[in-house]
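Let's take a friendly walk through this model, one region at a time. Keep the viewer open as you read.

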Amino acid sequence: MYVIAVASQKGGVGKTTISLNLGLALARAGHRALILELDAQGSLGLSLGLADRARPGVAELLTGVERLESVLLRTRDPQLQVLTVGRVDPTTVAGFEEALARGPVLPSVIARLAPDFDLVVMDCPAGLGKVTTRALEIATHVLLPLQAEPLALRSVGQMLALIDRVRAEKNPRLSVLGMVLSMFDRQASASLEVAETLWTKFPDGIILDSVVPRDEAFLEASLRGAPLLLMQKRPPPLARIFDQLANDVLVRLEPAPAEDDDDPIPLLV
């Protein structure tokens with residue numbers, strides 16, 4: 001089972017939007033997928049139209065008042081399930097994060113999910129705190145959304161440094177799937193400059209081909225409580241971005257074997 005942490009040092013870069021729509025796109029591609037929310041703010045549940053702290057989830061697993069099977073939420077796609085953060089009281093966020101980061105519950109949950117899922121997409125909180133670090137310690141891969149603005153570009157080094165430390169001390173198998181440019185605005189010179197810097201300064205292959213633009217459709221989908229792919233009976237063209245992102249991710253998770261030659265393939269047999 002692949003465990004993908006969606007993480008960023010900076011908030012507001014579209015982590016939840018990417019986690020939600022990527023998880024659904026992976027399920028639509030035929031993979032048994034779970035979206036796991038680790039952010040105490042509960043943005044994933046809100047994006048699905050759930051009332052604030054409406055359903056039990058990770059928090060209840062930490063306290064032992066619910067079983068894993070009872071907090072998994074089924075979706076319209078039989079290949080996709082969701083595990084929200086649960087009922088986290090705003091006054092006890094620090095205690096929740098400490099228990100999640102230090103206790104054995106999160107690794108135990110991942111181990112118990114393995115027989116039933118091909119992929120887990122973990123929506124991490126913003127920053128380099130305990131929960132994000134814990135997620136990196138148990139993940140097989142990390143996907144880095146990077147907002148197309150100079151501040152986000154300057155902070156990406158901090159996240160890469162954390163990944164290097166986790167690799168050295170806790171999880172040598174952790175692999176960077178790549179960076180996905182988010183909130184990209186083709187009309188803004190700052191966005192174009194950030195994109196150019198990424199594509200020229202970082203090693204080949206670390207920047208994914210998929211680019212998530214800045215678009216009001218994402219806000220509308222969140223207000224409607226649905227992922228972009230299910231916002232209408234006929235998904236908007238923008239939704240295809242996440243099918244492409246899912247394909248990019250799957251290609252990197254399971255690279256095709258190298259061909260012995262590159263000769264033309266005849267059409268007739």
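## Strand 6 and its partners

In this predicted model, strand 6 and strand 7 (residues 175-184) run parallel and are joined by seven bridges. One pairing to look up is Leu144, whose bridge partner in strand 7 is Met179.

Strand 6 also pairs with strand 1 (residues 2-6): the two run parallel, with three bridges between them. Here you can pick out Val6, which has Leu143 of strand 6 as its bridge partner.

## How covered is strand 6?

Is strand 6 enclosed or open to the outside? Seven of its seven residues are buried, so strand 6 is largely enclosed by the rest of the structure.

The cover extends to both faces of the strand. On one side sit His141, Leu143, Pro145 and Gln147, and on the other Val142, Leu144 and Leu146, all of them buried.

## Helix 7

Helix 7 spans residues 130-138 and is mostly covered, with seven of its nine residues buried. The buried residues are Val131, Thr132, Thr133, Arg134, Ala135, Leu136 and Ile138.

## Lys10 and Gln147

Now turn to the loop between strand 1 and helix 1 (15-28), where you will find Lys10. Is Lys10 buried or exposed? Its relative accessible area is 16%, and the cut-off for buried is under 20%, so Lys10 counts as buried.

The side chain of Lys10 has a partner worth displaying: a polar contact of 3.1 Å joins it to the side chain of Gln147. Gln147 is itself buried, on the side of strand 6 that also holds His141, Leu143 and Pro145.

## The cavity

How many cavities of 30 Å³ or more does the structure hold? There is one, and the space in this largest cavity is about 80 Å³. Its lining is made up of 11 residues, and those closest to the centre are Ser8, Gln9, Pro145, Leu146 and Val156. Two elements give two or more residues each to that lining: strand 6 (141-147) and helix 8 (150-169).

Which element gives the most to the lining of the largest cavity? That is helix 8, with four residues. By residue type, the lining divides into seven nonpolar, three polar and one charged. Pro145 and Leu146, two of the residues closest to the cavity centre, lie on opposite sides of strand 6.

Key: Residues numbered from 1 in each chain as written. Predicted model: local features only at pLDDT ≥ 70, side-chain atom pairs only at ≥ 80, totals over all residues. Heavy atoms only, no water. 1 Å grid on protein atoms, 1.4 Å probe; cavity = no way out; pocket = protein on both sides within 12 Å on 5 of 7 lines; lining within 4 Å. Points joined across faces, edges and corners; volume = space filled by probe spheres on them. Nonpolar A, V, L, I, M, F, W, Y, C, P; charged D, E, K, R; others polar. Buried < 20%, exposed > 50% of the residue type's maximum accessible area, 1.4 Å probe, protein only. Pairing = 2+ DSSP bridges. Polar contact = N/O pair within 3.5 Å; in protein donor to acceptor, adjacent residues only side chain to side chain.
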